[in-house]
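Good morning, everyone, and thank you for making the time. I would like to walk through a structure that is new to most of the group, taking the charged side chains to begin with and the ligand after that.

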Amino acid sequence: MSFETIAWQDGKVKMLNQLLLPAEIRYELYDDFRQVAEAIRKMVIRGAPAIGIAAAMGIAQGALTLPNEREGFLKGLEEINAVMAQTRPTAVNLFWAIDRMKRLTLRLLEEHDVAGVKERLVQEAERILQEDIEINRRIGEYGAQFVRDGDTILTHCNAGALATGGYGTATAVMRIAKEQGKKIRVLADETRPYLQGARLTAWELMQDGIDVELITDNMAGHFIKAGEVDLCIVGTDRTAANGDVANKIGTYMVALAAHANDVPFYVAAPTSSIDLSLEHGSGIPIEERSAEEVTRVGNTVIAPTGVRARHAAFDVTPARYVTAIITENGVASPPYPFTLAPLVRKND
Ligand code: MRU
């Protein structure tokens, strides 16, 4: 890739600042876990898998600063985990990463001293990053079978390299299809209000020479109905055991339009984005962000001063509108209550 979403660099967490893209390519270096948490909250880094990786690195960084005495270390780690857990509620990868780091710590402490555990936490965070890139490639390999030569794919938000350790989930399917010699075209929804589609997906696909056209969110239904879209592929922040999919606000409307026009609607997701503890999507916490992100576009105010506004950042698409869920362990088709869990449990 021509850019790095996130990396561990000499004890610091390095992130491409996604608030500035595409106007400016600037990397931030954070040497305090609180800064990493703030970067997640402010969306310097965003996208469910990338949030998980950032949290793991932040935890590793915070752990390095803790005392080498066992009790103080464990207490400090709990505090760091609590700060991370407060950043963004919907992406389950955040909680998955916190849990993975915590379980590893407790296991290692049975045999090692705290100094040794700290070193292993850094290695684990780096491993989560490397694994994520490999997982995405596997998602792409499973997903490319659904893409035919000449297809137009509609995507929403950014489920790309910028939302992951690299390569992306939905974009992995596009990348592998292209590697297989298929000619594809992508319609990218701009994704109000944060504009992940316009600012990030369009930029990232152009970097990779993938044919992309930008549309506003309210054009998606029109192009789907007009027969211009062969399939939709999106990512997810959290998918429940029954296949209900939480993803960026606006995904539900895309799924409805796809369903009404017999266009397949695929979700590309690492198994770390599947939350088997939730039976239905109704249990998924939906982040509400600041109304200012709706009343402004960038720094430009677009609404009357004082108007009240709402900003739900995610919606839940019912499983019945989801054609298949493409994971690194294979493809789940309905009925999801029977097909999703076995794919997640393959990791055990
Ligand atoms: O608010 P964001 O930008 O973090 O939301 C990101 C999305 O909704 C993505 O589609 C999702 O995290 C999947 S990324 C592979």
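Before I name any residue, one term has to be settled: a residue counts as exposed when its relative accessible area is over 50%, as buried when that area is under 20%, and as partly exposed in between. Please also keep in mind throughout that what you see is a predicted model.

Let me turn to the salt bridges, of which a search of the whole structure finds 26. I will go through a few of them, and I start in helix 4, which covers residues 92–109 and holds both Asp99 and Arg103. These two side chains form a salt bridge in which the closest N and O atoms are 3.0 Å apart, and the two residues are 4 residues apart in the helix, about one turn. Is Arg103 buried or exposed? Its relative accessible area is 53%, and because the cut-off for exposed is over 50%, Arg103 counts as exposed. Asp99, on the other hand, has a relative accessible area of 36% and is therefore partly exposed.

Helix 5, residues 114–143, gives us another pair, Arg127 and Glu124, which are 3 residues apart, again about one turn of the helix. Here the closest N and O atoms of the salt bridge are 3.5 Å apart. The partners differ in their surroundings, since Arg127 is partly exposed at 40% relative accessibility, whereas Glu124, at 5%, counts as buried.

Also in helix 5, Arg137 and Glu141 are 4 residues apart, about one turn of the helix, and their side chains meet in a salt bridge with an N to O distance of 3.6 Å. In this pair Arg137 is partly exposed, with a relative accessible area of 32%, and Glu141 is partly exposed as well, at 45%. Some salt bridges share partners, and in this way Arg100, Arg120, Glu124, Arg127 and Glu131 are joined into one network, so the pair of Arg127 and Glu124 that I described a moment ago belongs to that network.

Now to the ligand. Where does the ligand sit? It sits in the largest cavity, and the elements that give two or more residues to the shell around it are helix 2, residues 48–64, and strand 9, residues 245–248. There are 19 residues around the ligand, and those that come nearest are Arg46, Arg88, Gln196, Asn247 and Lys248.

Some of the contacts can be described atom by atom. An N or O atom in the side chain of Asn247 is 2.6 Å from an oxygen atom of the ligand, and for Gln196 a polar side-chain atom lies 2.8 Å from a ligand oxygen. Gly47 takes part through its backbone, where a polar atom is 2.9 Å from an oxygen atom of the ligand. How much of the ligand does the protein cover? On its own the ligand has 420 Å² of accessible area, and the protein covers 99% of that.

I finish with Arg175, which has its place in helix 6, residues 170–179. Arg175 is buried, with a relative accessible area of 6%. Its C-alpha atom is separated by 29 Å from that of Arg88, and the two residues are 87 residues apart along the chain; Arg88, as I said, is one of the residues that come nearest to the ligand.

Note on methods:
Residues numbered from 1 in each chain as written. Predicted model: local features only at pLDDT ≥ 70, side-chain atom pairs only at ≥ 80, totals over all residues. Heavy atoms only, no water. Salt bridge = Lys/Arg side-chain N within 4 Å of Asp/Glu carboxyl O. Buried < 20%, exposed > 50% of the residue type's maximum accessible area, 1.4 Å probe, protein only. Near = heavy atom within 4 Å. Polar contact = N/O pair within 3.5 Å; in protein donor to acceptor, adjacent residues only side chain to side chain. Areas by Shrake-Rupley, 256 points an atom, 1.4 Å probe, with all protein chains shown as cover. 1 Å grid on protein atoms, 1.4 Å probe; cavity = no way out; pocket = protein on both sides within 12 Å on 5 of 7 lines; lining within 4 Å. Sits in = over half its atoms within 2 Å of the grid points.
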